[in-house]
Amino acid sequence: DLELHLQRCQQLSVTVLTDHQDLSNTELKTIKNSTAPQQYRIRAKLRTYKPQKLHQSIKLHCSKCNSMQEVPDRDDFDFILRGSAGTAPNPELHNTSWYESVTWTTQEQKQREIAIHFVKHDEMLQHPEDTLLMIEGGTLKEIWKLTKRFKCVIPVRSTEDDLELLDLSAPFLLKGNVKYYGCKQCSTPKPMTNLSSIAAEQQPSWEPTEIAQVLGIELLQYVFVMKFTLVDETGSLNAYLFDY
């Protein structure tokens with residue numbers, strides 16, 4: 001448990017933070033006055049670390065524009081889904097050459113129309129574990145149920161001409177329990193028709209990177225980020241951890 005380990009580090013008077021046993025110890029003051037890149041071994045005290053809660057260390061990073069953002073919470077996604085549910089599915093976009101559509105109306109007080117479009121391969125539906133589907137009007141709970149059974153789920157809405165992705169504040173793709181996001185700044189979302197090129201492949205793999213590419217999405221990567229403040233008798237130094 002990293003959080004517990006960091007708490008223990010704070011309690012120790014001296015902590016060895018790097019493992020270069022062949023190097024002699026270097027004071028933080030010397031490191032701060034040196035040009036990068038260099039490799040050092042230090043003995044220092046961990047004064048503080050951020051964030052205090054480990055789940056806050058997970059961010060979304062765009063390798064193209066180098067931007068970093070917080071991972072949206074489920075309430076943000078739920079809000080976007082509820083907003084898109086106000087637009088009824090366009091029946092003219094159902095049952096095309098590359099997907100089969102199923103629609104129904106919910107029995108709850110405020111009725112919703114839901115449409116699910118199952119992408120076909122060689123004009124046939126694939127096994128659920130190999131299937132990509134697109135859903136209109138679904139709730140967060142309904143979408144998570146679908147991700148347990150089908151390979152990939154893409155939340156969409158209808159326009160006059162095609163199905164399209166929701167606001168990129170929402171995940172553009174869900175696969176298992178992983179949500180995939182696109183960079184708002186670097187993405188140029190394309191209509192869902194572009195997915196038909198993957199469906200036409202000999203063995204569609206429905207890999208997130210390939211889906212993102214054909215839909216004009218610059219895929220954001222989950223990264224782990226932390227900041228440590230280290231001190232010794234000569235000064236303090238901020239150390240940053242950044243890893244995929």
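Biologist: Which residues on the other side of α4 are exposed?

Modeller: Keep in mind that this is a predicted model. One side of α4 holds buried residues, including L140 and W144. Turn to the other side, and the exposed ones there are K141, K145, K148 and R149.

Biologist: And which residues of α4 are buried, and what arc do they cover?

Modeller: Buried here means under 20% relative accessible area. In α4 that label goes to L140, I143, W144, L146 and T147. They sit on the same side of the helix, because the arc they cover around the axis is only 160°.

Biologist: Why would residues a few places apart point the same way?

Modeller: Picture walking up a spiral staircase. Residues three or four places apart point the same way because an α-helix has, per turn, 3.6 residues.

Biologist: What covers the buried side of α4?

Modeller: Look at the buried residues, W144 among them, and then at what they touch. The cover includes one helix and several strands: α3, β6 (113-121), β8 (132-136), β9, β11 and β12.

Biologist: Let's move to α3, then. Which of its residues are buried, and how wide is their arc?

Modeller: Helix α3 runs over residues 74-84, and its buried members are F77, D78, I80, L81 and S84. Seen down the axis, they line one face of α3, since they fall within an arc of 165°.

Biologist: Which residues on the other side of α3 are exposed?

Modeller: Exposed means over 50% relative accessible area. Leave the buried face with F77 and I80 and go to the other side of α3. There you find D75, F79 and R82.

Biologist: What do the buried residues of α3 pack against?

Modeller: Start from the buried set, which includes L81 and S84. Their packing partners are a helix and three strands: α4 (140-149), β9 (152-158), β11 (173-175) and β12 (178-180).

Biologist: Which residue caps the N-terminal end of α3?

Modeller: Helix α3 spans residues 74-84, and we want the cap at its N-terminal end. A side-chain oxygen there lies 3.1 Å from the backbone nitrogen of D75. The residue that supplies this oxygen is D73.

Biologist: Is S84 buried or exposed, and what is its relative accessibility?

Modeller: S84 lies in helix α3, and its side chain has a polar atom 2.9 Å from the backbone oxygen of L81. The cut-off for buried is under 20%. S84 therefore counts as buried, with a relative accessibility of 8%.

Biologist: How far apart in space are S84 and E201, C-alpha to C-alpha?

Modeller: Along the sequence, S84 and E201 are 117 residues apart. In space, from C-alpha to C-alpha, they are separated by 31 Å.

Biologist: What is the volume of the second largest pocket?

Modeller: Its lining draws on α3 residues such as D78, L81 and R82, and also includes E108, K110 and T139. The lining residues divide into five charged, five polar and two nonpolar. The pocket's volume is about 220 Å³.

Biologist: Which residues does N90 touch, beyond those up to four places away in sequence?

Modeller: N90 is in the loop between α3 and β5 (99-105), yet it is buried, at 15% relative accessible area. A polar atom of its side chain lies 3.0 Å from the backbone nitrogen of E92. Further along the sequence, N90 touches E136, S158, T159 and E160.

Biologist: What is the relative accessibility of S57?

Modeller: S57 is found in the loop between β2 and β3. Among the residues it touches are P51, V223 and F224. S57 counts as buried, because its relative accessibility is 0%.

Biologist: Which residue does a cis peptide bond join to K50?

Modeller: Omega of that bond is about -5°. The partner sits in the loop between β2 and β3 (58-61). It's P51.

Biologist: What is the phi of D122?

Modeller: D122 lies in the loop between β6 and β7 (124-125) and is exposed, with a relative accessible area of 63%. E123, found in that loop too, has a positive phi near 65°. D122 is not a glycine, but its phi is positive, at about 55°.

Methods: Residues numbered from 1 in each chain as written. Predicted model: local features only at pLDDT ≥ 70, side-chain atom pairs only at ≥ 80, totals over all residues. Heavy atoms only, no water. Buried < 20%, exposed > 50% of the residue type's maximum accessible area, 1.4 Å probe, protein only. Helix = DSSP H or I, 4+ residues; strand = E, 2+ residues; numbered from the N terminus. Arc of directions from axis to C-beta. Contact = heavy atoms within 4.5 Å. Polar contact = N/O pair within 3.5 Å; in protein donor to acceptor, adjacent residues only side chain to side chain. 1 Å grid on protein atoms, 1.4 Å probe; cavity = no way out; pocket = protein on both sides within 12 Å on 5 of 7 lines; lining within 4 Å. Points joined across faces, edges and corners; volume = space filled by probe spheres on them. Nonpolar A, V, L, I, M, F, W, Y, C, P; charged D, E, K, R; others polar.
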